[in-house]
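Work through the exercises below with the sequence and the 3D view open. Try each task before reading its solution.

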Amino acid sequence: MAGMKATALDLLQSVFGYPGFRGQQQAVIEHLGEGGDALVLMPTGGGKSLCYQIPALLRQGTAIVVSPLIALMQDQVDALREAGVAAAYLNSSLAADAQREVERQLLAGELNLLYVAPERLLTARFLEQLERTEVALFAIDEAHCVSQWGHDFRPEYRELAILHQRFPQVPRIALTATADPRTREEIVERLSLQNARQFVSSFDRPNIGYRVGLRHNAKRQLGEFLLGHEGESGIVYCLSRRKVDDTAAWLAESGIEALPYHAGLDAATRAKNQQRFLREDGVVMVATVAFGMGIDKPDVRFVAHLDLPRSIEGYYQETGRAGRDGLPAEAWMIYGLSDVVTMSQMIAQSESADERKRVERQKLESLLAYAEATDCRRQLLLGAFGETYPGPCGHCDNCIAPPKTWDATVPAQKALSAVYRTGQRFGSGHVIDVLRGEETERVLGLDHHRLSTFGIGAEMDEKQWRSVFRQLLAAGLLEADAEGYGTLRLTTASRAVLSGGRPVKLREDARPERASRRRRDSKQVTGGSLGIEAYEQPMWDELRALRTQLAKQQGVPPYVVFHDATLLAMLRALPANEDELAGISGVGEAKLKRYGRDFLAVINAAG
Ligand code: ADP
Ligand code: ZN
């Protein structure tokens, strides 16, 4: 392209095949193009990569991308090469001669982008090589790794400020999907980005629908939920390794491609299962939260939680692994009163200092409040990150079917009073027996049948009482003991209820699986989240099969060939020739040349 300079939009269209920029991408790209520094905060799937990949192509020299995740590096480089971009990576996974070849390419100025692990970047040898190279820009991905407070702390990240000292004229861009303000300040300070312009996007993930329900029978509920996601990739999170193994085995028996993943499996099995999840269509990974960090798979269609996660932050991160490609995805969770007890136990029995335990209990409480909420869940979630989301989203269970509430003031008073009268030393099971007037051995042994509260709640069954206790806990009107025995105590807020000064509204427990039954019956969702109609299914399967075959030949995951979004656009537009195919979002020049004929053959054969 001698003499003629391509614009950012030209590159977006010709190399990546996308018609237009998203959100703040263009502003970031222009700012970097002019030599400015930038700090970019965008949610997962927001499109951070293009913010440095396009400037890398616009500017002279090689862009150096610092990334802590080896698997992700390889994926990105594969994807860039597929799009015809000269990209490479340097990390410990490369053999010595392959490393030397990459270094040669760097010094010869043959690379547009080079991904490096931070420890490699900081070696004297590499920094010297950079001094003999024309560097287009530095991109520091996953910039929250500088934060000591986060889960992903990487000590080497703190030394990256050296880039600014050694290469003051080279623009830098730091990127993260971590929203909280304290982390942001730490990034600015640690990476000397005081003069960087900050680009902060909304952390909303509009394509993700949120659904939370009570757990009655986890397997049956999960089974019904999965009916709406046949043939799709997803992650099912469980709290314990045993439950992971058990659930994965049960799903596999039911004919679903499900694999387990947890820290108790040997490294080879873990690697194999992860590889299959990435490389095959429609694999369901059943995992503990150990799984998912650094997984860049764009077409995860659902994330299901069978147990409560630890905090809203954790929940948002885990659910955020769904729908990176922007297509419809679902975050689904079921939980029960026993989760609250288990979690309280885990916190109580941990080695942490008291202050830390207090924070963890607060986090559990806000998550419970989220789970039991009767208002828009998206509003609550974003509120937890300091973002004001205007109005109900229309795309969470509470917006779609507002939960019925009932005046539970009197039952709440009865429950609290029974907790008090029994001495605040028992779990909900015994207190419910007292309320219902059950003359159990324990009740009689403790003389609890003589209490004034004995039998005052006989009008409600055990299940209804459990719902009341669960919601009182979630509302902070009761608390589980810090020692974790599951015994219930009053809180300072309980008094107002007992004295009649505070009405209590509780939700009627809906059965969450109803929604999925409805979905199954409606014709429109035969093909799961993507809404593929029955008549489209054969062509969709053929397109996916071709993609898998081509991906295997190249040794890359299928989504590196084309994303689901691109296949879906082909399915709907049925392009008849190369010109029409080039107009599909996600089909760039290099991919058109490499794969165009094969995809057109499949499409035209059906015509
Ligand atoms: P992040 O790193 O912020 O999680 P990515 O950079 O991986 O997100 O982008 C998420 C997905 O969105 C990718 O599949 C990417 O190809 C796609 N994407 C990014 N920008 C655009 C755009 N302007 N138009 C269409 N798709 C885009
Ligand atoms: Zn909503």
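A salt bridge is a side-chain nitrogen of Lys or Arg within 4 Å of a carboxyl oxygen of Asp or Glu. The model is predicted, so local features need pLDDT of at least 70 and side-chain atom pairs count only at pLDDT 80 or more, while totals for chains, interfaces and linings use all residues. Residues are numbered from 1 along each chain as its sequence is written, chains are lettered from A and ligands numbered from 1 in the order in which they are written, and side-chain values use heavy atoms, with hydrogens and water left out.

**Exercise 1. A salt bridge between two loops**

Task: Find the salt bridge of R324 and D296, and state where each residue lies.

Solution.
Step 1. The side chains of R324 and D296 meet at 2.8 Å, N to O, in a salt bridge.
Step 2. R324 is in the loop between α13 (312–319) and β13 (329–335), and D296 is in the loop between β11 (284–287) and β12 (300–305). Helices (H or I, at least four residues) and strands (E, at least two) are DSSP runs, numbered from the N terminus.
Step 3. The two residues are 28 apart, and the pair links distant parts of the chain.
Step 4. Buried means under 20% relative accessible area, exposed over 50%, and partly exposed in between (1.4 Å probe, protein chains only). R324 has 23% relative accessibility, so it counts as partly exposed. D296 has 17%, so it counts as buried.

**Exercise 2. More salt bridges**

Task: Describe the pairs K297 with D299 and R572 with E536.

Solution.
Step 1. Side chains of opposite charge can pair when their charged atoms come close.
Step 2. In the salt bridge of K297 and D299, the closest N and O atoms are 3.1 Å apart. K297 is buried at 1% relative accessibility, and D299 is buried at 5%.
Step 3. R572 and E536 form a salt bridge with 2.9 Å between the closest N and O atoms. R572 is in helix α26 (residues 564–573), whereas E536 is in the loop between α23 (513–521) and α24 (537–554). These two residues are 36 apart.
Step 4. R572 is partly exposed at 43% relative accessibility, and E536 is buried at 7%.
Step 5. A network of salt bridges links D281, R301, D325, R547 and D564. The structure holds 33 salt bridges.

**Exercise 3. Nonpolar cores**

Task: How many residues has the largest nonpolar core, and what does L114 touch?

Solution.
Step 1. A nonpolar core is a set of buried Ala, Val, Leu, Ile, Met, Phe, Trp, Tyr and Cys residues joined through side-chain atoms within 4.5 Å.
Step 2. The largest core has 163 residues. Those with the most contacts inside it are L113, L114, L130, I173, F469 and M570.
Step 3. Contact means heavy atoms within 4.5 Å. Leaving out residues up to four places away in sequence, L114 touches T62, A63, I64, V65, A88, Y89, L90, V102, L106 and F126.
Step 4. Another core, of 17 residues, lies apart from the largest one; A218, L222, L226 and A304 are among its residues.

**Exercise 4. Domain 1 and domain 2**

Task: Which residues make up the domains, and how much area do domain 1 and domain 2 bury between them?

Solution.
Step 1. Domain bounds come from an automatic or database domain assignment. It gives domain 1 (8–200), domain 2 (208–335 + 373–400), domain 3 (405–510) and domain 4 (534–606).
Step 2. Taken over C-alpha atoms, the centres of domain 1 and domain 2 are separated by 29 Å.
Step 3. In domain 1, 9 residues are in contact with 7 residues of domain 2.
Step 4. Buried area is the accessible area (1.4 Å probe) that two parts lose on being put together, summed over both. For domain 1 and domain 2 this is about 850 Å², with 56% of it on carbon and sulfur atoms.
Step 5. The count of salt bridges between domain 1 and domain 2 is 0.

**Exercise 5. Surroundings of L581**

Task: Is L581 buried or exposed, and which residues does L581 touch?

Solution.
Step 1. L581 is in helix α27 (residues 578–582).
Step 2. Its relative accessibility is 2%, so L581 counts as buried.
Step 3. Not counting residues up to four places away in sequence, L581 touches M570, P575, V587, L592, G596 and L600.
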